[in-house]
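Please walk me through one pocket of this protein and two residues of its interior. Keep to what can be computed from the coordinates.

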Amino acid sequence: MDVVEAWTGQNASALKRAFRDTNEGFAGRLGTSVRTVAAWSANPQLIPTTEIQRALDTLLFQAEDDVKVRFTLLVGNRPTGASEQVATVRQTPAQQRLARDPHIAAALSWLESSFIWDPRSARELVAEELAALDPRAVEAQARRLAQVTRVQAAEATRRYYRAGFGQWRPYKARLAEQVLATTILTQDAWLDLEHDLGSGRGNFQFHPSVRREINLSRRVAKEAARSLAESIEKGSQIVNAEIYSLTSLDVQRGVISGSVGVIDFVEFALTLNLLEGELMRSIASEESSASPVMPIRSELLPDVAAVLDFSGRICAGGALALTAIARPRGRGRDPDYLLLIQERSGSVLNANQRLAVIPKAFHGPMADYGEDAHFSATLEREMEEELFGRTDVDSTVSDQLHADPMHPSLLSDPMRWLMDRQDSGAWRMESTAVGINLVSGNYEFANLIVIDDEEWWVKYGGQVRANWESSGLHRYSSLDTARLESLALDPRWSNEGLFAFTQGCRRLAQIGGQRVRIPSIELEF
């Protein structure tokens, strides 16, 4: 019985890729010429001779299970008749995600609509990339990229955008005679803001007309397909929720205002988010030793003017905060603040396995596009999700079905205690700084959350627990100068995490009184 009903050049080439063969290697398996194998790639509709069709049948029939699964993924829904041979073969988790994950399907649909892939589909291209991936090579590359330091990234972006900074500069702080460099682009007026988020000042307007058609270039489209396949193989969480895209921004001391629209997360993930991987690979391969060559960046974010053109590009971003919780006198210590720091898990798409403040999240709507545009709403939601364990506000777990997910009747006990005391001085949320991350053009709203009433920690300290986005939650005392200095100098910090941490520490040192002995952190100009 024939394994494939009708072999074509397209199916034969798919089998070659399933074996991960070169033209020479596949020709050797079949006992034919390299020219014949090459012709199938050039002419997908070419029909092999009867003798070669039989050889292809035999080759597929005798192939290992993993080859059969890769072949089925590559041919997709085309009628091949091969289903009988692979029906009982167990697919890998990555292959199952490609076939069944609705968020991956949304990403493929967006890729399909944003680039003309004829004669193949976006799904076929991603399947080919996935079939060609060697999991061990993916793991090895992930280890190499994890060794790229924040300082290396800061230096590489500084060299790339070496002209045109003007009043803007990459954020740097100085601690213990050491300079802490980041990729966060900012200016004096955007730092040390002391903006009270509970005051009602500041105004973010939602404009629903921001969605636009995007026509990807071939270079970006191919890199998006490769990146999507790699994310599937690594098990990175991809959730196609709506997120805000910044269209204008005005930052003044005490007031932050602007406008946003919404985009689907996959639009960011398959465009501007590609820049981080390109940058890390460039540094890891030492291509950035002189003037880094990054063609995707040159197309999507070529200069400082493009970085600051919020209305002319996708500009996703987030809100993150250093959280400080007052504690009463304890074993061997005076009353202090507990500072919470997370180590990001390997499953998140951004800053994975890096240190960051908590909460940290993409700025996006929950139920009301207008009200949720204020980034204080994102912070409150993320406190519930990342610190207090509410999974019903986690878009990666389930769809949002509540009309008002932050209604008092739905709040966790720790959050309800805080919301009931918003105007009592028991706690506060302040915006400390704003910056644009040169890695992918994201806007970063850095904040400080301070719970001043010791009663909260006594009642609810045991309920503070990080969610899946963290692989570890670390605690520091605001009185432990030596550990805080060591923490600030830790090379594992993400750029936005260090930005929020240092700005939060500078503000906490001003308002914390006897509860803090934070090392001196100065801005570096």
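A residue counts as buried when its relative accessible area is under 20%, and as exposed when that value is over 50%. The model examined here is predicted.

Thr 378 has a relative accessible area of 1%, so this residue is buried. Thr 378 is found in helix α17, which spans residues 375-387. Leaving aside residues up to four places away in sequence, Thr 378 touches Ala 319, Ala 361, Phe 362, His 363, Gly 364 and Asp 372.

Helix α17 also leads to the second largest pocket, since helix α17 gives the most to the lining of that pocket, with 3 residues. The lining comprises 15 residues in total, and the pocket has a volume of about 310 Å³. Nearest the centre of the pocket lie Glu 371, Asp 372, Ala 377, Asp 404 and Met 406. Asp 372 is thus among the residues nearest the pocket centre and is also one of the contacts of Thr 378. By residue class, the lining divides into 8 nonpolar, 2 polar and 5 charged residues.

The second residue to consider is Val 307. Val 307 is placed in helix α16, which covers residues 304-307. With a relative accessible area of 0%, Val 307 is buried because the value falls under the 20% limit. Val 307 touches Tyr 161, Leu 185, Leu 301, Arg 313, Ile 436 and Leu 438, again not counting residues up to four places away in sequence. One of these contacts, Ile 436, is 129 residues apart from Val 307 along the chain, while their C-alpha atoms are separated by 7.8 Å.

Notes:
Residues numbered from 1 in each chain as written. Predicted model: local features only at pLDDT ≥ 70, side-chain atom pairs only at ≥ 80, totals over all residues. Heavy atoms only, no water. 1 Å grid on protein atoms, 1.4 Å probe; cavity = no way out; pocket = protein on both sides within 12 Å on 5 of 7 lines; lining within 4 Å. Points joined across faces, edges and corners; volume = space filled by probe spheres on them. Helix = DSSP H or I, 4+ residues; strand = E, 2+ residues; numbered from the N terminus. Nonpolar A, V, L, I, M, F, W, Y, C, P; charged D, E, K, R; others polar. Buried < 20%, exposed > 50% of the residue type's maximum accessible area, 1.4 Å probe, protein only. Contact = heavy atoms within 4.5 Å.
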